[in-house]
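Me: I'd like to learn how to read the sheet and the salt bridges here. Can you take me through them?
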2 protein chains.
Amino acid sequence: MGGNRELAERFIVSLEARDWDAWAGLLHPAVVYEIPQSRERIRGRDRYLRFNQEYPGDWHLRPKVTIADERHGVAWFEWLLDGRTDDAMAFFEFADGLITRVTDFWPEPYEPPPGREHLVERWLPAPAAATGAAPSAGFPAGANGSGARCPLRSSDCRTR
Amino acid sequence: MGGNRELAERFIVSLEARDWDAWAGLLHPAVVYEIPQSRERIRGRDRYLRFNQEYPGDWHLRPKVTIADERHGVAWFEWLLDGRTDDAMAFFEFADGLITRVTDFWPEPYEPPPGREHLVERWLPAPAAATGAAPSAGFPAGANGSGARCPLRSSDCRTR
């Protein structure tokens, strides 16, 4: 279990470091990677490695929370690209000390519906947005809705 | 730790059942609920309870994966509303057998950027979408991108 949590932590850290040998070493050769938002699937470590090696832009990842048990894990992390920052999360399945499945999500900012203002407070956009305001307390700096309209994986931001 | 996992599981199950006493009993009186995508925060169990009680529509939640350790937890679940279905996830912080913080995410479908077709396969939208195609194997039915453009919490779908 501790080993699985370490797998999840090293997944993000080695991606950030572009340490491809270390990263690929965490994965089962038949790993399946899925992005449910775009209905995309990559089968196998070699293709998944190539996907990340080819992914364009000077992207960066910062771990926030990692949780794992004997079967499943999750890494909630912050991504940064082209001055934008936001949250994403990767869920893992483990077997025999390796990652056998990765499913990640790239949520986008949105405006809340009216009608709940009597219950809700809102914090200001992160500094990356036009206001330049500091994020409010209680959440790590730069982790909140930055005004960015596109997740790292989205087609809306990237032309490639 | 097992207790925390049970807290996370009961969080979703009691919400689905509208068992408000059971649900509120999982929460610390000073619980903080945050929705980073809309930069919304609710402070306190009473307001958070009211937020959910007042939330419009015949929404339903189905747990998919729950993971917890001594401090953190996550529930990855499926939501259903007005014929749409998609994934969401709630992260938890625990203390003294109660949930002290909830942060949830409501990712939306998007189209992938071009340039990675040589590595990626795509599955068809879930039956809720116009095609009526069955979801592919390897992912629970109805869990994948359904063609819906709006998360449960989004202002784009709801007029309230």
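Reply: Start with the sheet. Strands of a sheet pair through backbone hydrogen bonds, either parallel or antiparallel. Here seven strands form an open sheet with mixed pairing, in the order S3(A)-S4(A)-S5(A)-S6(A)-S1(A)-S2(A)-S7(B). Its edge strands are S3 (60–68) of chain A and S7 (121–122) of chain B, each pairing on one side only. Strands (E, at least two residues) and helices (H or I, at least four) are DSSP runs, numbered from the N terminus. Two strands pair if DSSP finds at least two bridges between them.

This is a predicted model: local features need pLDDT of at least 70, side-chain atom pairs count only at pLDDT 80 or more, and totals for chains, interfaces and linings use all residues. Residues are numbered from 1 along each chain as its sequence is written, chains are lettered from A and ligands numbered from 1 in the order written, and side-chain values use heavy atoms, without hydrogens and water.

Me: In which sense do S3(A) and S4(A) pair?
Reply: Antiparallel, over eight bridges. Leu61(A) stands opposite Trp79(A) of S4(A).

Me: How many salt bridges does the structure hold?
Reply: A salt bridge puts a side-chain nitrogen of Lys or Arg within 4 Å of a carboxyl oxygen of Asp or Glu. There are 30 over all chains. In one of them, Arg116(A) meets Glu40(B), with the closest N and O atoms 2.5 Å apart. Arg116(A) lies in the loop between S6 and S7 of chain A and Glu40(B) in strand S2 of chain B, so the pair joins two chains.

Me: Is Arg116(A) buried or exposed?
Reply: Buried means under 20% relative accessible area, exposed over 50%, partly exposed in between (1.4 Å probe, protein chains only). Arg116(A) is buried at 7%, and Glu40(B) is buried at 3%.
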